[in-house]
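Let's take a stroll through this one, a few spots at a time. Have the viewer open and follow along.

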Amino acid sequence: MATEAKETKAIKPRLIAWELTGACNLRCKHCRGSSTEIPDPDELSTDEAFHLIDEIVDFASPILILSGGEPLMRDDVYEIARYGVDRGLRVVLATNGTLVTGDVAERLKTAGISRISVSIDGADAETHDAFRGVSGAFDGAISGISEILKAGISLQINTTISQRNINQIPKILDLSTDIGADALHIFLLVPTGRGQEADEIPPIEYERILNWFYDQRDKVGLQLKATCAPHYFRIMRERAKEEGITVSVETHGFEAMTKGCLGGTGFCFISRSGGVYPCGYLPVLAGNIREAGFKDIWDHAKVFTDLRDTSKLKGKCGICEYKRVCGGCRARAYAATGDYLAEEPYCVYQPRKARV
């Protein structure tokens, strides 16, 4: 038991997503935070933001993702980014792209932002704009992408897959290639915020799209990564075994792929008011940085220590031979049952121990 406790404390975050603001200029159908144009008056101040960065740097060196809402709705985003970079962090930005002008792109470059992800949820304006809730969102995103590339900043396309756009994913891959992106990350919808269960694709479709995604890895020059899709790590190993090859995953940088659900193990989400959560889709509060040190929350919060102990997983996840590399989506389990340790409800795989 002492050894397990020591290993738990040694775990450090590799990725931190920070919701700088809840304000946003779009009305996305799947928005986790149900954002509005009005900023939350309880958002962390610039000084609190600097202090949080200091606390993170004191014990870890993760990639820091500045997100929202729309982070460009916050005037001090450049100062915060620059402060994080000067403290030695790799700082990236997640945006809808519509507010990125040439001047904004240059300011982000000067601030030290090393990669910008732009959300593209349709291969055409009709689909994307319907998804994003505002006419002109697609054209605005493409214009922003052009400015990002002109500024020489690495570009990543993020796509949330739902019933609304599942048939367009191959076209989005083509679009990502054609516009010069470095990476395409797909996100499988988790029903939180404005994301509704009716928009989720059936479990069997998860299998199909993730197998298709696996097949693209050697066909395109893009870096491909599946997020909120822990099943992919099981599929990678199943397919690699069939092909007689060894699974190779990167363990550092933007494309770090070590296991499925990283919530509470290699990743956490910090809300605009300082709340710390395993991820943005799992609304179980670990603590607030206004009340406790970030390291203390990371090391000792019950939800984090629970998630680091795979022996606590229940149902078929608990007996699955892939639980250490997959783990199931804890947010979907929570959304379906109210228990973040319950089995993943959108997985069709039957563990060996469950087969009769």
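## Phe213 and the rings around it

Let's start with Phe213, which is buried, with a relative accessibility of just 1%. Keep in mind as you look that this is a predicted model. The cut-off for calling a residue buried is under 20% relative accessible area, so Phe213 at 1% makes the grade.

Phe213 also has a ring partner: it pairs with Trp212 in a tilted arrangement, the centres 6.4 Å apart and the planes at 40° to each other. Tilted is the label because 40° falls between the 30 degrees and 60 degrees that bound the class. Ring pairs carry on from there, joining Trp212, Phe213, Tyr232 and Phe233 into a cluster. Across the model, the aromatic pairs number nine.

## Arginines over rings

Now for a couple of charges sitting on ring faces. Arg217 is placed over the face of Tyr214, 3.8 Å from the ring centre. Arg308 does likewise with Trp298, at 4.6 Å from the ring centre.

## Two glutamines

Is Gln216 buried or exposed? Gln216 is buried, because its relative accessible area of 10% is under the 20% limit. You'll find Gln216 in the loop that runs between helix H8 (203–215) and strand S7 (223–227). Setting aside residues up to four places away in sequence, Gln216 touches Leu173 and Leu224.

Gln350 sits in the segment after helix H13 (330–337). With a relative accessible area of 40%, Gln350 counts as partly exposed. Beyond its neighbours within four places in sequence, Gln350 makes contact with Lys316 and Arg355. Lys316 is 34 residues away from Gln350 in sequence, yet their C-alpha atoms are 7.4 Å apart in space.

## Helix H3 and its buried face

Last stop: helix H3, residues 77–86, where the buried residues are Val77, Tyr78, Ile80, Ala81, Gly84 and Val85. Look down the H3 axis and these buried residues fall within an arc of 165°, so they line one face of the helix. The background is simple: an α-helix has 3.6 residues a turn, so residues three or four places apart point the same way.

What covers that buried set? Among the elements over the buried residues of H3 are strands S1 (15–19), S2 (63–67) and S3 (90–95), along with helices H2 (46–57) and H4 (102–111). After H3 comes Gly88, which has a positive phi, near 100°.

Technical notes:
Residues numbered from 1 in each chain as written. Predicted model: local features only at pLDDT ≥ 70, side-chain atom pairs only at ≥ 80, totals over all residues. Heavy atoms only, no water. Helix = DSSP H or I, 4+ residues; strand = E, 2+ residues; numbered from the N terminus. Buried < 20%, exposed > 50% of the residue type's maximum accessible area, 1.4 Å probe, protein only. Contact = heavy atoms within 4.5 Å. Arc of directions from axis to C-beta. Phe/Tyr/Trp six-rings, centres within 6.5 Å; stacked < 30°, edge-to-face > 60°. Lys NZ or Arg CZ within 6 Å of the ring centre and 35° of its normal.
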